[in-house]
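Please open the model in the viewer and display side chains as sticks. The tour below proceeds from one selection to the next.

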Amino acid sequence: MPAYVHLRNLGPAERVKAWVSQYEAAHADIFETYYSGYGHRSGREAAAALVPDLAPGVVERESRVFKALNAAAEDFVARGLMRAEQSLDVVLMVGTGHSDAWVKIIHGTPVLFVALEMLPDPERDALLVLHELIHVVHVRALLPLLVTQPALEDHVGMRVWLEGLAVAATRQLRPGHPDIAYLFVPDRRWVQECQAALPTLAATLVPNLTRADAAIAYSLCGVTDEHPWPSRAGYWVGDQVVHELLAAGHDLPSLISWGPDRVAQAFRESRILSPYPS
């Protein structure tokens, strides 16, 4: 973070140039990953302009995230989601304001990236960091499968399962928040819209549960207004299925190890999707 904070000492024009020549150059591998799908180079000038206002609070945000990371690691060990000697690979950065947190497999290791400029709300951000760290341990458990079945990264059923498990696990590890907080939506209207769209959601999800299709997976879990259901509606569906399994006595360590066939079966047999044929 020092290379970023240093930018506030520069004038506006010099700062834009130094964003690339100093800040990005000091972390070239990180920004190569970032611009491959999570940020846009076109946002550099606007991001550089924000440095004087944002830099003083970046260190505090960094401290908050570290605290959330340490708390999550302790909980994961206590719940059997990771071993005490294992570590979590995390990159904290300031980007161009397009993505808040994501997990990317780097050289066979799932790595969490957190963009601090997108984390102004301590309560929400702690839940977000936990949600994404659950993805890290989940993907880590699936690595042997991903080696032999790389298409699983675009697997429709597994994508919805990953998001649903992260939502349900965050709720279990950090109880007491409104449901919409775990789903990262502003109000319950989104949930009601998901419920109303369930027949069309199911008509897309159920027949494609075992299919590797990045476009379908994104339509269910990405941010898009091109479909007759709300953006990221797959989070809600997946959460409903995982919540049902947890209530039936399954635990998180066992669920994160489930492969695509068992996941597809769980979706088809769930109360929410069983009425809809495949």
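Select Glu 60 and Arg 64 to begin: their side chains meet in a salt bridge, with N to O at 3.0 Å. A salt bridge here is a side-chain nitrogen of Lys or Arg within 4 Å of a carboxyl oxygen of Asp or Glu. The model is predicted: local features need pLDDT of at least 70, side-chain atom pairs count only at pLDDT 80 or more, and totals for chains, interfaces and linings use all residues. Residues are numbered from 1 along each chain as its sequence is written, and side-chain values use heavy atoms, with hydrogens and water left out.

Show the backbone of helix α4 (residues 44-78) next; because Glu 60 and Arg 64 lie four residues apart in this helix, about one helical turn separates them. Helices are DSSP runs (H or I, at least four residues), numbered from the N terminus.

Colour the pair by relative accessible area, where buried means under 20%, exposed over 50%, and partly exposed in between (1.4 Å probe, protein chains only). Glu 60 is partly exposed at 43%, whereas Arg 64 is buried at 19%.

Keep Arg 64 and add Asp 125: these two form a salt bridge whose closest N and O atoms are 3.3 Å apart. The pair links distant parts of the chain, as Arg 64 belongs to helix α4 and Asp 125 to helix α5 (residues 122-148), 61 residues apart. Both Arg 64 and Asp 125 are buried.

Move to Asp 179 and Arg 171, whose side chains form a salt bridge at 3.0 Å, N to O. Asp 179 is partly exposed at 37%, while Arg 171 is buried at 15%.

Technical notes:
Helices (H or I, at least four residues) and strands (E, at least two) are DSSP runs, numbered from the N terminus.
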